[in-house]
Amino acid sequence: MTFSIVGRDPRTGDLGVAVASKFLAVGALVPFVRGGVGAVATQSYVNPNFGPDGLNLLAQGLDPQAIVARFREEDADIKQRQFGLVGADGRSATFTGPGCHSWAGGWAGPDVAIQGNVLAGPEVVEAMRAAWEAGSEQPLPRRLLAALRAGDEAGGDRRGRQSAALVCAGPGRGYAGLTDDWVDLRADDHPDPCGELARLLELHELLFGRPEQTRPLTGDELKWLRALLIRQDYAASLPAGAWDADTEAAAWALYGTENLEERWVGGGAVDPVALTYLRERYPETM
């Protein structure tokens, strides 16, 4: 009673799952992702063991089609199940049991598996496929979410909307580059869960994105920043002129308070995205 897309970015090796359903907190049961290994979506009278078991089998080198065969042999209720898998090498598979509520079905190709049940019709899967294929230049989280929203707009779960989730992992993509876990966003009970995921992803990219470009602060920008740091009590006073250690320490404290540490540059340089956010956040100091 869910629709999902499991995908891999062939340029970066990133892996992820996006899912939506008329079901409370679908993100707690359906998506499973492990950087460098694969991704699994398990749904329709969910067997939650398919997630960790599928990832373990992918890690052992099993082909997704072989994993489908194994699950079919081992699960007595396989006729009610639906799932999709993508491995770190881009091989994929999707399975829809004959006992899934109609409309139910899916499609799999290199780097992607799309599946859904209790859908408005096959047009949901077709819309997701078209959006996925059109989004090849997008980062994986945005590409997955675009496909999910296309499915939602094509009718999605015919019972309605309630929850959605987006989970992605990639080499060194996580916080401070210390983990592969990258994006883990959920709208557990929301009238427009896919739209809420889009809002959360924008916020995630602001707070956890890393600078794509940097530049030195201008004299006026440095003057504005020092005034802000004093006004917000990060420093009692700061000298005019060139960037100095006291300004550095106060600015770092501000970035930490604002959860912008992933966008920190220091040394008198700045990430324009972070600067724009701060100037909008504190217009009274402009």
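**Exercise 1. In this predicted model, find which helices and strands each supply at least two residues to the lining of the largest pocket, and describe that lining.**

Step 1. The elements that each supply at least two residues of this lining are the helices α4 (140-153), α5 (193-208) and α8 (272-281), together with the strand β10 (181-187).

Step 2. Among the contributors, α5 gives the most to the lining of the largest pocket, namely six residues.

Step 3. The lining comprises 25 residues, and those that lie nearest the centre of the pocket are Glu205, Gly209, Arg210, Glu212 and Arg263.

Step 4. Sorted by class, the lining of the largest pocket holds 11 charged, 10 nonpolar and four polar residues, and the space in this pocket amounts to about 570 Å³.

**Exercise 2. Determine which element provides the largest share of the lining of the second largest pocket, and describe that pocket.**

Step 1. The volume of the second largest pocket is about 180 Å³, and the residues that line this pocket include Gly27, Pro31, Phe32, Val33, Cys168, Trp182 and Arg186.

Step 2. Two or more residues of this lining come from each of β3, β9 (163-169) and β10.

Step 3. It is β10 that provides the largest share, with five residues; β10 is also one of the elements supplying at least two residues to the lining of the largest pocket.

Step 4. The classes in the lining of the second largest pocket are eight nonpolar, three charged and one polar.

**Exercise 3. Work out the order of the strands in the open sheet of four strands, and explain why β3 and β6 each have one side without a neighbour in the sheet.**

Step 1. The order is β3-β4-β5-β6, and the pairing in this open sheet is antiparallel.

Step 2. Because β3 (31-34) and β6 (92-96) stand at the edges and have a single partner strand each, one side of each is left without a neighbour in the sheet.

Step 3. From one strand to the next, the twist averages 5 degrees.

Step 4. Between β3 and β4 (residues 38-43), which run antiparallel, there are four bridges, and Val33 stands opposite Ala39 in β4.

**Exercise 4. Identify which strands helix α1 touches, and which strands helix α2 lies across.**

Step 1. Helix α1 (residues 50-59) packs on the sheet and touches β3, β4 and β5 (82-87), while its direction makes about 150 degrees with that of β4.

Step 2. Helix α2 (residues 64-74), for its part, lies across β5 and β6, and runs at about 30 degrees to β6.

Methods: Residues are numbered from 1 along each chain as its sequence is written. This is a predicted model: local features need pLDDT of at least 70, side-chain atom pairs count only at pLDDT 80 or more; totals for chains, interfaces and linings use all residues. Side-chain values use heavy atoms; hydrogens and water are left out. Two strands pair if DSSP finds at least two bridges between them. Axes are lines fitted to C-alpha atoms, for helices over the stretch in contact, and angles run from 0 to 180 degrees between N-to-C directions. Contact means heavy atoms within 4.5 Å. On a 1 Å grid over the protein atoms alone, a cavity is a set of points where a 1.4 Å probe fits but cannot get out, and a pocket is an open set with protein on both sides within 12 Å along at least five of seven lines; lining residues have an atom within 4 Å of a point. Grid points are joined across faces, edges and corners, and a volume is the space filled by probe spheres set on the points. Ala, Val, Leu, Ile, Met, Phe, Trp, Tyr, Cys and Pro count as nonpolar, Asp, Glu, Lys and Arg as charged, and the others, Gly among them, as polar.
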